[in-house]
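Please look through the structure shown here before reading on. The dialogue after it takes up a few features in turn.

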Amino acid sequence: MKTALYASAAVIALAAFGTTAAFAQSRDTIQVAGSSTVLPFASIVAEEFGAAFPEFKTPVVGSGGTGGGLKQFCEGVGENTIDIANASRQIKDSELEACTAAGVTDVREIQFGFDGIVFASAASGPDFALTPVQVFKAIAAKVPVDGAMVDNPYTKWSEVDASLPDQAIALAIPGSNHGTREVFEEKVTHAGCEEAGLPEMSEEELDAACTTFRQDVVVEIAGDYTETLARLTSNPDTVGVFGLSFYEQNTDTLKVATVNGVVPSAEAVAAGEYPVSRPLFFYVKGQHIGVIPGIQEYVQFFLSEQMSGAGGTLEAAGLIPQPAEKTAEVLAAFEAQ
């Protein structure tokens, strides 16, 4: 009777997986997609993992933005769905609900370090010392003038604030598919909006005022940071929004702005001094562990001191490591599920 029960349980499990017993052999490579900020870190880990564990194939890591990666992740369980979603923000309740509705009921969150969001411009251009309220006034579709909201009249940064360069306003920001965009809105435009002295309005109107941007000077980038960099190359007046690690890999062509007087750096982010920073994550489909080879080992390797710890490979690539105690806590939670 026990054997029959176990056999039935196995059949039910495979049915839930949406496949047959042959699935374990049908795909033997971990599939990862998501955040363009996490992409370079995950790519490094994947290559190192392939070299360190020859019994497993090197994971395939794609981009698509945090929102795009989590959408793929939550499409269901089975060989035609990805195993891991990289994210530069925490998964939303609505995304978890979509996962659950599609049968993805074992979602494991892995926080592995930090990154900052920076404003960078052409290295040959003027220096920028920005504040959130200046950025808001430069790019908002409507701004307060004499107590009323009017169409944004500013064409140059110096018109927003005399301390800023006499340069045409042009900003390249991440598209709505990127986790970076949400952090940019929360920590820059919402923060600036609150300081800008907007007239009395409803909460919905306020949210719209803080996050509705001009179409004449703002370009939304759906691709990765290389596309943003290309915008700066084609228009040297452009200020681009990047992850700190990407900027640090391109200091020969870019210069970075201060925000609230703080120069962005790993040290400033780790100390909590730089105001535009965030933790980085990836999400693991627990139902694929033990079916797609190597997932558990990949997570353990990613969180190892040699990879994401202080002095590790990813720190050299621009990751700001989190405390070892936090990593140990994340790994223990992952393994306990």
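What follows is a dialogue between a learner and a teacher.

Q: What should be known about the model and its numbering?
A: This is a predicted model, in which local features need pLDDT of at least 70 and side-chain atom pairs count only at pLDDT 80 or more, while totals for chains, interfaces and linings use all residues. Residues are numbered from 1 along each chain as its sequence is written, and side-chain values use heavy atoms, with hydrogens and water left out.

Q: How many residues of helix H6 are buried?
A: Buried means under 20% relative accessible area, exposed means over 50%, and partly exposed lies in between (1.4 Å probe, protein chains only). Helices (H or I, at least four residues) and strands (E, at least two) are DSSP runs, numbered from the N terminus. Helix H6 spans residues 132-139, and 7 of its 8 residues are buried. Among them are Pro132, Val133 and Phe136.

Q: What is a salt bridge, and how many are found in the whole structure?
A: The term denotes a side-chain nitrogen of Lys or Arg within 4 Å of a carboxyl oxygen of Asp or Glu. The search of the whole structure finds 14 salt bridges.

Q: Which residue forms a salt bridge with aspartate 83?
A: The partner is arginine 27, and the closest N and O atoms are 2.8 Å apart. This pair links distant parts of the chain, 56 residues apart: aspartate 83 is in the loop between helix H4 (65-73) and strand S3 (84-87), and arginine 27 is in the loop between helix H2 (23-26) and strand S1 (31-34). Both aspartate 83 and arginine 27 are buried.

Q: Where do the partners arginine 278 and aspartate 115 lie?
A: Their closest N and O atoms are 3.4 Å apart in a salt bridge. Arginine 278 lies in strand S13 (residues 277-285) and aspartate 115 in strand S4 (residues 107-122), 163 residues apart.

Q: Why is arginine 278 classed as buried?
A: Arginine 278 is buried because its relative accessible area is 4%. Aspartate 115 is also buried, with a relative accessible area of 0%.

Q: How many residues apart are glutamate 185 and arginine 181 in helix H8?
A: Within helix H8 (residues 179-195) they are 4 residues apart, about one turn of the helix. Glutamate 185 forms a salt bridge with arginine 181, with the closest N and O atoms 2.7 Å apart. Glutamate 185 and arginine 181 are both buried. Elsewhere, salt bridges that share partners join Arg89, Lys92, Glu95 and Glu182 into one network.
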